[in-house]
Amino acid sequence: MATGTKERNLIAVIGDEDSVTGLLLGGIGHIDSKQKPNFLVVDAKTPLDKIEESFSEFVKRKDIAIILITQQVADMIRTMIDDHDQAFPTVLEIPSKDHPYDPSKVCPSNFYFVGFRQVIRFDTLYLQDSVLKRVQRLFGDS
């Protein structure tokens with residue numbers, strides 16, 4: 001296991017009410033000692049600043065390994081998503097009930113596979129090639 005990943009044991013989620021509620025019912029909800037949750041429900045009234053602030057907080061937290069974000073919300077902060085170049089926390093865009101997943105919107109360089117023994121299958125060779133190149137740049141060719 002990579003250094004510094006042992007304490008990363010939470011999944012954070014940013015998305016619409018249905019997506020977040022489903023994941024919370026699945027058991028990912030957590031409130032830390034500073035009363036900070038690992039989730040944000042986004043609706044039409046949620047200001048963009050709040051979404052950006054929550055994403056930044058989740059990226060900085062040392063206990064979060066994965067950030068799940070609905071693709072519709074990710075589109076709102078696309079620059080921040082695309083600028084995130086660290087392996088941890090890994091950012092994964094997910095579909096929501098009302099908005100189907102569009103793989104063309106996802107930046108292939110945001111996929112990381114660190115410490116996984118199984119290969120996750122992708123539909124395109126382009127995506128697989130980009131993932132390999134990104135991992136090689138992060139950790140060297142050896």
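Two residues are in contact when heavy atoms of theirs lie within 4.5 Å. By that criterion, residues 24 or more positions apart account for 63% of the contacts in this protein with a separation of 6 or more. The model you have in front of you is a predicted one, so let us walk through it from the overall layout down to single residues.

## Overall layout

The protein has 142 residues, and 38% of them are buried. It exposes about 9,200 Å², of which carbon and sulfur atoms supply 55%. There are 5 helices and 4 strands, and along the sequence they follow the pattern β-α-β-α-β-α-α-β-α.

## The sheet

The 4 strands form an open sheet in the order β2-β1-β3-β4, and the pairing is parallel. At the edges are β2 (39-41) and β4 (90-94), each of which pairs on one side only. On average, neighbouring strands of this sheet are turned by 20° against each other, direction ignored.

The strand pairs can be set side by side:

| Strand pair | Sense | Bridges |
|---|---|---|
| β1 and β2 | parallel | 3 bridges |
| β1 and β3 | parallel | 5 bridges |
| β3 and β4 | parallel | 5 bridges |

Some residue partners help to fix the register. Between β1 and β2, valine 13 has phenylalanine 39 as its bridge partner. The chain travels from β1 to β2 through helix α1 (residues 17-25), and this β-α-β crossover is right-handed. On the β3 side, leucine 10 stands opposite isoleucine 64, and isoleucine 14 stands opposite isoleucine 69. Isoleucine 69 in turn stands opposite glutamate 93 in β4, while leucine 68 stands opposite leucine 92 in β4.

How well covered are β1 and β3? For β1, 5 of its 6 residues are buried, so the strand is mostly covered. β3 is mostly covered too, with 6 of its 7 residues buried.

## Cores and the helix across the sheet

Helix α2 lies across β1, β2, β3 and β4, and runs at about 170° to β1. The largest nonpolar core has 16 residues, and those that touch the most other members are Ile14, Ile51, Phe55, Ile67, Ile69 and Ile81. β1 (10-15), α2 (48-60), β3 (64-70) and α3 (71-76) each supply at least two residues of this core. A second, separate core holds 5 residues, including Val13, Val20, Ile28 and Ile94.

Which residues does isoleucine 51 contact, leaving aside its neighbours within four places in sequence? They are Ile14, Leu40, Val42, Thr46, Val73, Met76 and Ile77. Ile14 is thus a contact of isoleucine 51 as well as the residue opposite isoleucine 69 in β3.

## Phenylalanine 58

Phenylalanine 58 lies in helix α2. Is this residue buried or exposed? Its relative accessible area is 2%, which is under the 20% limit, so phenylalanine 58 counts as buried. Not counting residues up to four places away in sequence, phenylalanine 58 touches Ala12, Val13, Ile14, Pro37, Asn38, Phe39, Ile64, Ile67 and Pro89. Phenylalanine 58 and alanine 12 are 46 residues apart in sequence, and their C-alpha atoms are 7.0 Å apart in space.

## Two loop residues

Proline 89, one of the residues that phenylalanine 58 touches, lies in the loop between α4 (78-83) and β4. The peptide bond from phenylalanine 88 to proline 89 is cis, with omega near -5°.

Glutamine 35 is found in the loop between α1 and β2. Its phi is near 65°, a positive value in a residue other than glycine. Why does glutamine 35 count as exposed? Its relative accessibility is 60%, and the label applies because exposed means over 50%.

Methods. Residues are numbered from 1 along each chain as its sequence is written. This is a predicted model: local features need pLDDT of at least 70, side-chain atom pairs count only at pLDDT 80 or more; totals for chains, interfaces and linings use all residues. Side-chain values use heavy atoms; hydrogens and water are left out. A nonpolar core is a set of buried Ala, Val, Leu, Ile, Met, Phe, Trp, Tyr and Cys residues joined through side-chain atoms within 4.5 Å. Buried means under 20% relative accessible area, exposed over 50%, partly exposed in between (1.4 Å probe, protein chains only). Accessible areas come from the Shrake-Rupley method with a 1.4 Å probe; for residues, only the protein chains shown count as cover. Two strands pair if DSSP finds at least two bridges between them. Axes are lines fitted to C-alpha atoms, for helices over the stretch in contact, and angles run from 0 to 180 degrees between N-to-C directions. A crossover is right-handed if, with the strands pointing away from the viewer, the path from the first strand over the helix to the second runs clockwise.
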